[in-house]
Every structure is written in C-alpha cells, then in structure tokens.
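Trainee: I'd like a close look at one part of this protein, please. Pick a sheet, take me through it strand by strand, and then show me what lies around it.

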Amino acid sequence: MERVRVLAGHLTADCLDINEPSISRISTNAASSQGNTVDARYHARTGINSRGDYEKMYKRSIQDPAGFWQEQAQAFTWQRKWEQKHMDFNFDRWKGEIGIEFFKGGTTNMSYNCLDRNVKEGRGSQICFLWEGNDVGTDRRMTYQQVLDETCRVANWLKQEGVRKGDCVAIYMPLVCELPIAMLACARIGALHSVVFGGFSAEALASRIEGCRSKVLVTATGGARGKKPIELKKIADAAMDISKKNGFQVKSVLLYEHPAMPKSKVSSQQGRDVWYHEVIPKQSSSCAVEWLDAEAPLFLLYTSGSTGKPKGVVHTTGGYMVMAAVSTKYVFDLQPGDVYWCTADCGWITGHTYLTYGPLLNGATSVVYEGVPTHPDPSRIWQIVEKYKVRQLYTAPTLIRTLESHGDEFVTRHNRSSLKILGTVGEPINPRAWEWFYKVGGEGRCPIVDTWWQTETGGILITPLPGAWALKPGSATLPFFGVHPVLVDDKGREIDGSGEGILCMKTAWPSTIRTIYGDHKRMEETYFSTFNGYYFTGDGSRRDDQGFYWITGRVDDVINVSGHRVGTAEVESALQSHEQVIEAAVVGYDHNIKGQGIYAYVGLHEGVERSAQLKKELKALVRREIGAFAAPDVLHWAPGLPKTRSGKIMRRVLRKIATKEESQLGDTSTLADPSVVDKLLETRGQ
Ligand code: WTA
C-alpha cells in the first residue's frame with residue numbers, strides 16, 4: 001500500500017504511476033487542444049483590466065516577492081512590523097530542512113484584521129454575515145459589530161476553559177454563523193482551530209480530535225441540510241467515546257442548540273457539555289487580542305493524501321492572512337460592502353479562505369447558506385442570489401452539473417442581474433458545464449474565474465482575473481501574483497513553453513503549507529521529495545501556447561469526488577477492516593455529476609457469498625469509518641488483483657477496467673498473473 005518510496009533522499013517518479021502518467025488520466029477538458037475563447041467584458045475596480053496590467057504586476061511579484069508581499073501586507077494592522085529581510089524559503093531537501101517564512105518578526109492577529117479593523121474603519125453596522133437556513137424563510141443577519149462582540153464572548157469562554165495560545169480546538173458544526181465565529185474566536189486568542197466537516201463520521205472525528213489533542217470541542221445538537229436533520233451531537237458523542245477508549249478525553253464541549261434538533265432530543269453530559277445559549281451571553285463582549293508572530297500557526301485542517309491517514313495541514317497567521325485577503329480581492333474584484341457568496345462549507349479549505357477570512361479581510365458581506373443548494377428545489381441557489389443581490393458567486397463544478405441536469409427554467413425564473421462574477425473550484429470543470437454556467441447562470445455577462453488551488457496552498461494559485469483576459473472554458477488560465485508554477489516531466493525536468501507534465505511550484509507564496517501537524521518529515525516527503533527543489537501538487541497539467549494552464553486532475557491516488565478529496569488508501573483500509581474481505585483496491589472513474597466516482601475492487605475470503613447484502617454492508621462500513629461522501633459508487637467482487645511480481649497493484653489496469661477502456665490496458669506482461677485481467681473483465685457488473 002505504501003506508494004511513496006524514498007530513494008536516496010528523494011522519490012522516484014515511478015512510485016507515483018506517472019510513467020504513463022497523468023496523460024492516461026486526462027479528463028475531458030484537456031482533450032480539446034486549445035478550446036474556444038470567451039471574452040466576458042468586466043471592468044475590475046482593482047485596476048487590473050488587461051493582460052498587460054497583469055503582466056506588469058506579476059513580473060514585479062516574481063522579481064521581488066519580498067517587496068511585493070510587504071506592500072500588500074501594509075493594508076493590514078500589524079502590532080509590530082516585519083524585519084527588513086522578512087521572507088525566506090527552502091524547497092530543496094539537499095540544502096536542509098524544508099521551511100517557509102513570510103513577514104518574519106512581524107506580529108498581527110487575524111481576528112483583529114477581520115473584525116476590529118473593519119469596525120474601526122466605520123463598517124460596524126454593515127452586514128458581515130447574511131445567513132440563510134435550509135428551510136426557505138429562515139434567515140439571520142449579523143453586522144461586523146455583532147460578529148466582533150460574539151467572537152469576543154466565545155473567545156472569553158475558551159480562555160475560561162483553559163484554552164491557551166498554541167492549543168487546538170476542534171469544531172464540528174453545521175454551517176451556522178457560530179461556526180466562522182468559533183474560528184475567529186480561536187484566532188483571537190492564538191488557539192489553532194481544527195474544523196471537521198459535519199459530514200465526517202464519528203471515527204473520522206475521533207481521529208482528528210486525538211490527532212491534535214483538542215481538549216475543547218465546539219459542536220451543535222444537529223444541523224439541517226435537505227430533508228433530513230443531521231444528528232451531529234450523537235456523532236460527536238460517539239467520537240468522544242472512541243477517543244476515551246483510545247486514552248484521550250475531551251474536557252469541555254460547547255453545545256449549540258440548532259432549531260432542527262431541539263435540546264430535548266439530545267443527551268448532554270454534566271460536567272463536560274455546556275449550552276452555548278446559557279454560557280456565551282454571560283461572557284464579556286470585549287476580549288483583547290493576542291498579538292501573534294506572523295509564523296505562529298493559525299489553524300490546521302485535515303486533508304486526504306494518497307497514503308496513510310489524513311494529514312493536518314498547518315497554515316500560519318501572517319502569510320495566510322495576506323494571501324487570503326489579496327487573492328480574494330483580485331480574483332473576485334471584492335470591495336468593502338459587496339455581497340459575496342461562496343457556497344462551500346467551513347469544513348473545507350474553501351470555507352476557511354473564501355467564506356470566512358478572505359471576504360472579512362476585505363470588508364465584504366459574506367452569504368452563509370446552511371442548506372443544500374437544490375433544496376427544496378433546484379432553483380434555491382438562484383433564489384438566494386436574487387434575495388440578497390449577490391455580486392460574486394463562487395461554487396463547484398459538481399453543483400453546476402447538478403443544476404444543469406435540472407434544466408434552465410429553475411435558473412431563469414429568478415432575477416440574476418446583480419451577478420457580476422462567477423467562480424468555480426475543486427475539480428476541473430468540463431467545458432459544457434462551464435458554458436452552461438456562463439450562458440444560463442450568468443446570462444452571458446459574467447466572467448467565470450476557474451480557480452485552481454489546494455488545502456495545502458491555502459489560497460488560489462492559478463486563476464483568471466475578471467476582465468483582464470479572454471477566458472477558455474476548462475482552463476484555470478494564469479498564475480496569481482507571486483506564484484511561480486512549472487511543469488516537469490517524470491524525471492523532474494522543467495518543460496518549457498507549451499506541453500504537458502506534472503504541476504509543481506518553484507517558489508513559495510505566503511500561504512504555502514508550513515508543516516503537517518506533528519509530522520514535519522511527512523510534509524517534506526509528501527510535497528518536497530518527488531521532485532527535489534519543487535513543491536509537488538499531485539496534479540497534472542497542460543500549458544497551451546498562450547501560457548494558460550489546463551489542470552488535468554490528480555496523478556496520485558487521490559480521488560476527487562464532487563470536489564472532495566478522498567484518499568484511496570483510506571477507503572481501502574475501511575473495506576479491509578471487514579472480516580470477510582481479504583483485499584481491496586480503489587480507483588476513480590469518470591462520473592457525470594460528481595466528476596469522479598469511487599470504484600472499489602474487493603476480494604473476499606473463500607466461501608463467502610458475494611451478495612447484494614454484503615455490498616450494502618461494505619458501503620455502510622465506509623460511511624461509518626470516513627463519511628457518506630466516501631462510500632463507493634461501484635463494488636466489484638474481484639477474483640484477484642493485478643499485481644506485479646513485487647506485489648505492487650497495477651492501478652492503471654484497474655482504472656481502465658473501471659472506465660471500460662480495456663482496449664487501452666497497455667502492457668500487462670509484467671503482471672505476476674496476467675490472467676487476472678480476464679477474470680476481472682468477466683466479473684465486471686456482477
Ligand atoms: C483539484 C480545494 C482543476 C485539484 C480548493 C487539487 C482543481 C485538489 C481545481 C485540491 C480547479 C481544485 N481545476 N482541479 N479549478 N481546484 N482542484 O485540497 O486536483 O480540497 O489538487 O482544495 O482539487 O483539493 P482541496
């Protein structure tokens with residue numbers, strides 16, 4: 001299973017299956033060689049309105065990154081300014097430990113810059129969060145002053161519970177205002193937040209709580225998404241029970257009562273659980289901020305990789321803050337007072353950077369929608385756009401495809417004239433979905449910013465800037481300021497001009513991942529060992545003759561399901577924990593709506609009946625171990641798995657069988673038993 005093999009200090013490319021690489025995994029968008037061009041007119045208030053404007057600023061950002069970033073950072077409040085030589089990084093393992101530093105010597109506070117600064121600048125009575133509940137008609141608005149006051153109350157409670165600078169607080173919440181507020185409260189006192197998406201199971205939550213030893217958990221009775229209420233507290237209780245068995249005990253739980261799940265329906269444990277509505281209003285609404293070193297950790301967020309357990313990606317205070325603010329400003333042309341809506345959940349990086357921090361740092365009004373975008377019907381998203389007069393709408397290709405499948409009428413019945421910019425993130429967008437979003441959603445008026453980035457990059461790295469150049473459906477176009485992407489071949493040699501290869505970053509940007517929580521070595525191995533001297537993204541990409549990037553998808557064993565990263569290793573290990581399973585291998589396949597679906601090959605012990613019931617059980621097992629979004633779409637009873645003589649599973653073959661492309665299986669002569677392939681083809685669909 002261990003696919004990352006260290007050879008004399010660095011990895012060989014063949015462990016990543018990139019010999020026949022990415023190229024065999026090019027998704028539809030890369031197939032069209034250049035794509036058609038769409039010139040959406042937009043006049044950006046940032047002043048970047050042509051490729052020339054961009055080139056000028058981009059060039060400067062690459063030639064003098066330290067100067068460029070410090071200029072950008074000046075827009076914020078720093079308690080102490082950074083040193084003259086504030087920026088440094090090392091991406092080369094031969095030269096020593098991998099390290100990244102921005103704004104060295106400076107001290108600041110994220111919560112201050114998101115809230116107090118806006119209030120001081122006169123935005124206290126401006127709406128900060130426009131919250132929309134799952135059910136039509138449920139909504140709530142909070143001004144910057146109100147969010148500041150509430151953040152202080154929660155911060156004071158955290159302090160009262162003994163949370164100190166550097167401690168980690170786990171947050172397992174539905175998407176109510178109290179979720180970003182809990183994040184801001186942690187940031188205020190220098191505690192790291194670790195937000196766990198509400199769709200994760202008890203097992204997944206437990207391992208995250210233990211991973212960063214969170215003594216405090218902020219959670220809710222439940223949440224409402226679609227028709228069924230979600231029983232968050234029940235899952236949180238189960239998670240804390242698991243952790244207790246593993247020897248770790250959560251000391252206090254702040255429990256928010258969600259209207260969809262009344263207090264009476266959940267159990268609470270005396271001495272550990274306290275009710276949000278009882279304890280928080282009693283706290284003072286002022287709380288001095290903790291001024292933190294620019295490099296002090298701000299949060300950690302777990303994400304799946306190709307091997308082992310999810311990793312706690314750590315971002316730091318100063319660099320992440322500046323990148324979040326500057327990218328939001330330029331990519332969405334965001335100005336104070338704009339009504340901006342990012343449909344992501346705070347449980348993912350997009351909800352951190354582009355629902356919470358980025359918009360608030362820019363003094364915007366951020367729409368926070370708790371429900372499902374198709375509830376009660378597929379017009380909901382457009383209804384919300386109309387209701388709040390949303391200017392920028394940032395969402396995911398999977399949702400666009402879902403909406404498209406329901407037809408235009410749901411869209412056109414709502415007034416969308418407020419929309420100026422559309423955005424997508426999370427996976428490659430196929431040109432058809434792009435065109436639909438552009439023509440129908442945005443009435444052919446709004447540029448689409450197809451933003452490429454990752455949990456580890458903290459902010460957007462490759463993206464169009466609205467109005468600055470003509471777009472090509474399916475291309476994320478050009479690097480953001482200060483970002484230096486390169487394409488390398490399987491030997492790590494840089495490819496010049498147009499071509500296709502593995503996407504890497506040559507230099508650091510302010511929100512570069514700093515470490516993996518508690519395991520710096522793993523971070524060095526995962527991102528800086530594949531190609532020495534480069535940050536390895538795990539994605540393949542093509543670059544056309546205009547310099548535009550076309551992301552082709554992951555080249556490692558990470559599956560992107562509806563924009564959510566699922567590590568094949570995690571799903572395999574869940575399946576293998578079933579006593580009737582001998583072995584399992586999981587690959588991705590093209591899925592109409594989700595982008596990629598999960599296809600699991602499962603080998604059973606002799607004599608075990610291959611029943612539909614067992615399939616159900618195995619899917620439920622994955623749901624329980626990881627979460628519903630990771631449940632396999634297809635289970636294939638495998639009589640055997642294609643392995644090389646050294647025992648390595650040849651995933652390329654499994655992918656081709658899953659996608660019914662067996663005519664392109666390639667060379668299978670190195671398999672220990674080539675007849676396995678025929679047996680797999682015979683058993684497909686059974
Ligand atoms: C994929 C989400 C193509 C990519 C912010 C990346 C994309 C992974 C795009 C990160 C895009 C994200 N075009 N692919 N515009 N945006 N991806 O960490 O494979 O959840 O490596 O961060 O999503 O997923 P993550």
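Mentor: Two strands pair if DSSP finds at least two bridges between them. Strands (E, at least two residues) and helices (H or I, at least four) are DSSP runs, numbered from the N terminus. This is a predicted model, where local features need pLDDT of at least 70 and side-chain atom pairs count only at pLDDT 80 or more, while totals for chains, interfaces and linings use all residues. Residues are numbered from 1 along each chain as its sequence is written, and side-chain values use heavy atoms, leaving out hydrogens and water.

Now to the sheet. It's an open one with 5 strands, in the order β25-β24-β26-β28-β29, and the pairing is antiparallel. At its edges sit β25 (494-495) and β29 (549-554), each pairing on one side only.

Let's start at the β25 edge. Its antiparallel pairing with β24 (residues 485-488) runs over 2 bridges, and one bridge joins V488 to E494 in β25. On the next step, β24 and β26 are antiparallel too, with 4 bridges. There you'll find P485 opposite M505 in β26.

Pause at β26 (residues 499-505). Because 5 of its 7 residues are buried (under 20% relative accessible area; over 50% is exposed, and in between is partly exposed, using a 1.4 Å probe and protein chains only), this strand is largely enclosed by the rest of the structure. Here's a handy rule while you look: in a regular strand the side chains alternate between the two faces of the sheet. Moving on, β26 pairs with β28 (residues 535-543) in the antiparallel sense over 6 bridges. In that pairing, G501 stands opposite S541 in β28.

How does this part of the chain fit a record? An unreviewed UniProt entry has the annotation "domain: AMP-dependent synthetase/ligase" over residues 129-508. UniProt positions follow the numbering used here, with shortened feature names, and annotations may be inferred rather than shown by experiment. Across residues 129-508, the chain is 31% helix and 23% strand, with the end C-alpha atoms 32 Å apart.

Next, the ligand. β29, α11 (349-361) and β23 (448-451) each supply at least two residues of the shell around the ligand. There are 17 residues around the ligand, and D450, T451, T455, D539 and R565 come nearest; a residue counts as near if one of its heavy atoms lies within 4 Å. The shell divides into 6 nonpolar, 6 polar and 5 charged residues. In that grouping, Ala, Val, Leu, Ile, Met, Phe, Trp, Tyr, Cys and Pro are nonpolar, Asp, Glu, Lys and Arg are charged, and the others, Gly among them, are polar.

A polar contact is a pair of N or O atoms within 3.5 Å (within protein, one must be able to donate a hydrogen and the other to accept it, and residues adjacent in sequence count only if both atoms are side-chain atoms). A backbone N or O atom of T451 is 2.7 Å from a nitrogen atom of the ligand, and a polar backbone atom of E427 lies 3.4 Å from a ligand nitrogen atom. R565 uses its side chain: one of its N or O atoms there is 2.7 Å from an oxygen atom of the ligand. Taken alone, the ligand exposes 530 Å², and the protein buries 96% of that; accessible areas come from the Shrake-Rupley method with a 1.4 Å probe, and for residues only the protein chains shown count as cover.

Go back to α11 for a moment. Since 13 of its 13 residues are buried, this helix is largely enclosed by the rest of the structure. Just after α11, G363 takes a positive phi of about 65°.

Finally, some backbone details. Most residues other than glycine have a negative phi, and most peptide bonds are trans. T477, in the loop between β23 and β24, has a positive phi near 65° without being a glycine. T477 is buried, at a relative accessible area of 0%. D333 also isn't a glycine, and its phi is positive, about 45°. D333 belongs to the loop between α10 (317-331) and β19 (339-342), and is buried, with a relative accessible area of 0%. As for peptide bonds, the one joining H375 and P376 is cis, with omega about 0°. P376 lies in the loop between β20 (365-369) and α12 (380-388).
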